[in-house]
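Hello,

Here is the structure you asked to look at. Please open it first, then read the notes below with it on the screen.

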Amino acid sequence: MKKLVFAALFFVFGAVPAMAQEADPDDEGGISVVVTDDSAWQDIGIAIASFATNRDVATPANANGTAALGFELASVVYNDLRFNGLFRPVGPDALPRPTYAQTTAPAWSTWSGRSAEMLVHGFVRANDNGNLTVGCYLYDVVLQTELVREGWEVAPGEWRRAAHRCADLVYSRLSGESPFFDSRIAYIAETGPKDNRVKRLAIMDSDGANHRFITNGQSTALSPRYSPDYSRIAYLSYQDGNPRIYVYEIDSGRQTLVTESSNPTFAPRWSPDGRYILYSMAVAGNTDIYRIRADGSGTPLRLTNQPSIEVGGSFSPDGSRIVFESDQSGSQQCYVMDADGTNQRRISFFGGRCASPEWSPRGDQIAFTHIAGNFRIAVMTPEGRNMRQLTDAWHDEGPSWAPNGRIIQFFRTEQGSGDSAIYQVDLTGENERRLRTPVGASDPAWGPVLN
Amino acid sequence: MKKRNMIALSLTSALALAACSRTPPESTPPVPQDVATNTPTTGSTTPVSTVPLPGSQAHFASAMMGADTILFDTDRFNIDSEDAAALRRQAEYLLQYPTATATVEGHADERGTRDYNLALGERRANAAKNYLVSLGVPESRLRTVSYGEERPRATASNEAAWAQNRRSVTVMIGR
C-alpha cells in the first residue's frame, strides 16, 4: 500500500472549476437504513462543498478528470459524516461549487445563510509524479475562522482514503473522539438457501467501497480477522474438508495454516501488536484456547486447560489480558485471564449467557453477545459491571469494534430465512443501521485505522 | 485392541437382534444430504438396478433407517439410551463390513454463536465416535468433523427444527 504522505498545503490560483457533475449521493453509501431515531444527536450542521481543483486534468482516479473527482471526494466525506448521528451534513450536490481560490478564503456570505455552522472545503491537485494531493479544511461559519486543515498525497487508486482522512479530521475535531473512517472491514458474504449456503471471505472499506471477494465459495469460510497492519487475514476454511484456520496474505494471495496440526482449529484472533494469534483447537472433542506467534515460529502455548469448552478470546488493547468464553459453569460465560493463561476468572454474573466477547480498542468496555431468549449485543466493563444491551432483535451476534471504540458492528440473522446482514450501533445504543453489502453478510471484523 | 474387537463383535451380533427390533426415531430424518467434502455422493437417489455396494453410503443409509443420526439436547453431548441403540446399529454395521470407513459429523442448531457451535459440534461428533470405538470399531476407521451450525438439516427456526439439527451423523467415506 502506498503511504499517505502529509503534504504542506500551498495555495495556488487555479482555473475556475467546471460545473458539478451528476451524482446520486445514495450510490456512495455503504451504510443505509436508519433504524433508530437519531434526530436528537444531529445538532451540528456541516456544509461539505465539492472539492476544487487547480486545473481540471485527466486522472486515473476519475474518468471525467480532477474536477469531477473533487465532487466525489466531497461526496465520500458527506456520506461518512451523515451516518454517525453527531452531524447534520449537507452534501456537494445541494451546494454551490467553490472555486479553487475559495478553498482557503470561503465566501462567507454564501454559507452563513445555509443553517450550516461548519463548512468543509477541499481541493484536489494532480501532481507531475502521477499522485494526487488532496487538501481538507474545516471552517467555523459563525466565527468565520479556520478550525483545522490537513493534506495528503495519495496514489490515484487510493483517492477515497484521502476523503476518509478528511472525514476523520472533521469528526475528530468536532467530537473529540479518535478517527475511524479510514479503516477496513473483513466479513463473510453469504448467498444461497439456508441448507446450502455459500460463504465467502470478502473485504471492503469502512463505507462499503472497494469491495472484493477473496474466496470463491467452493468451501465454507468463516470468522475472518484482519491483522492489525492489514497485510493478512486469519480465517476459518473447510477447504480440506476440516475446519482449519488459515492465514491469508493479501498482497501475494498465499496462505498458510495457523498451526501444523491434524486437529480442527477455529476462532482466530490477533493480538493488538500483530505478534500473536489466538486460536481455539479441539483435541478429542475438547476445545481450548492456544496462542502462537503470528510468524509461525516457536511452539503454541496452551492457555486454557479444562474439560469444558473454552473458545474465542480477545486481547485487551495493551495485550496484557484476554477475555474469552467458557461453559465450565454449565453455560457460556465470559472470563478474563492474563495473556499467559494465568489468573482466569469469570466476569459475567448478570443472568443469561455471555458469548463472543470483544475488548474495546479503548480498553474500557467489552462487547459481547448476550443470550437470554433473544441474542443481543451488549457491553460491560472489563470487571463485568454495568451491563447494557445495545440492540434488541431475534438474533444479533458477533460484535466487532470500530477502531475508536465508539461504534460496534455485528450481524443480525432473520428468523426463518436465516438471512444475515451486518449492522452497526453506537455505544449509546443509538444510530443503529444496516451496512449495504452486495449480498448477505455475517462475521464482520473491523480493523484499525490505516497507517 | 484386537481382543476387545473380538468381544465387541460377539456382543454386537447379540445386540443386533435387539437393535433391529427397535422402532426407528419418531421423526425419521431423510438420508443425509450433506456428506463430507471429499466424499462423493453415491447414487442413493439415482435409479439403479443393482443393490448398493456394502460399505457404501447408500447401503449404510438404507441399512440404518435413520439410526445414522444421533440427536442431542441443547448444549448437551451425552449419549442417552436411544442414542446408544442407534450407535450399536452403526457399530454392528461397521464391524460387519471391516473395510468400511466413516466420518462422524457433529452439528449444532442455529440458536448459538458461531465459534461455540463449532466447539459443540466437535464434542458431539467425538461423543458418538467414542461410543463407536467403545463398541469395538477401530478408531482408525473413524474420522470426525464439526460443521457447527453451518449445515442444518431442518431449515425452520423453531424448536422442532433445532431438535433435528442438534445431531451427529455417521457417513460412510466413499471408496
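**Notes on the two chains**

In chain B, among contacts between residues at least 6 apart in sequence, 73% join residues at least 24 apart. Keep in mind throughout that this is a predicted model.

Chain B first. It has 5 helices and 4 strands. Read from the N terminus, the elements of chain B follow the order α-α-β-α-β-α-β-α-β. Of its 175 residues, 46% count as buried.

One helix of chain B is worth a check with a ruler. How far apart are the end C-alpha atoms of helix α3 of chain B? They are 22 Å apart, and this agrees with the expected span, because 16 residues at 1.5 Å a residue should span 22 Å. This helix covers residues 81-96. Its buried residues include B:Ala86, B:Leu87, B:Tyr93, B:Leu94 and B:Leu95. Charged side chains are on that list too, among them B:Asp83, B:Arg88, B:Arg89 and B:Glu92.

Now chain A. Its mean pLDDT is 91, and 91% of its residues reach 70 or more. Residues 1-41 of chain A are another matter: the pLDDT there is below 50, although the stretch has 91 contacts in the model beyond near neighbours in sequence. The domain assignment splits chain A into domain 1 (5-175) and domain 2 (183-449). The C-alpha centres of these two domains of chain A lie 34 Å apart.

Next, some strands of chain A. Which residues of strand β30 should you select? Residues 420-426 of chain A. Of these 7 residues, 6 are buried, so to speak of the strand as mostly covered is fair.

Strand β30 of chain A has a partner on either side in the notes that follow. Strand β29 (residues 407-413) of chain A pairs with β30(A) in the antiparallel sense, over 7 bridges. In this pairing A:Ile407 stands opposite A:Asp426. The hairpin of β29(A) and β30(A) has 6 residues between the strands, and A:Gly416 in that hairpin takes a positive phi near 95°.

Strand β31 (residues 433-435) of chain A also runs antiparallel to β30(A), joined to it by 2 bridges. Here A:Tyr423 has A:Arg434 as its bridge partner. The hairpin of β30(A) and β31(A) has 6 residues between the strands as well, and A:Gly429 takes a positive phi near 85° in it.

Chain A also contains an open sheet of 4 strands, in the order β11-β10-β9-β32, with antiparallel pairing. Its edge strands are β11 (212-213) and β32 (440-449) of chain A, each of which pairs on one side only. Strand β9 (residues 183-191) of chain A pairs with β32(A) over 6 bridges. A:Ala186 stands opposite A:Ala445 in β32(A).

Last, the place where the chains meet. How many residues of chain A are in contact with chain B? There are 33, and they touch 22 residues of chain B. The elements of chain A that give two or more residues to this side are β12 (221-226), β16 (265-270), β17 (276-283), β20 (310-315), β24 (353-359) and β28 (396-401). By class, this side of chain A has 11 nonpolar, 17 polar and 5 charged residues.

Regards

Notes
Residues numbered from 1 in each chain as written. Chains lettered and ligands numbered in written order. Predicted model: local features only at pLDDT ≥ 70, side-chain atom pairs only at ≥ 80, totals over all residues. Contact = placed C-beta atoms within 7 Å. Buried ≥ 20, exposed ≤ 12 C-beta atoms within 10 Å, placed from the backbone. Pairing = 2+ DSSP bridges. Expected span 1.5 Å × (residues − 1). Domains from an automatic or database assignment. pLDDT = per-residue confidence, 0-100.
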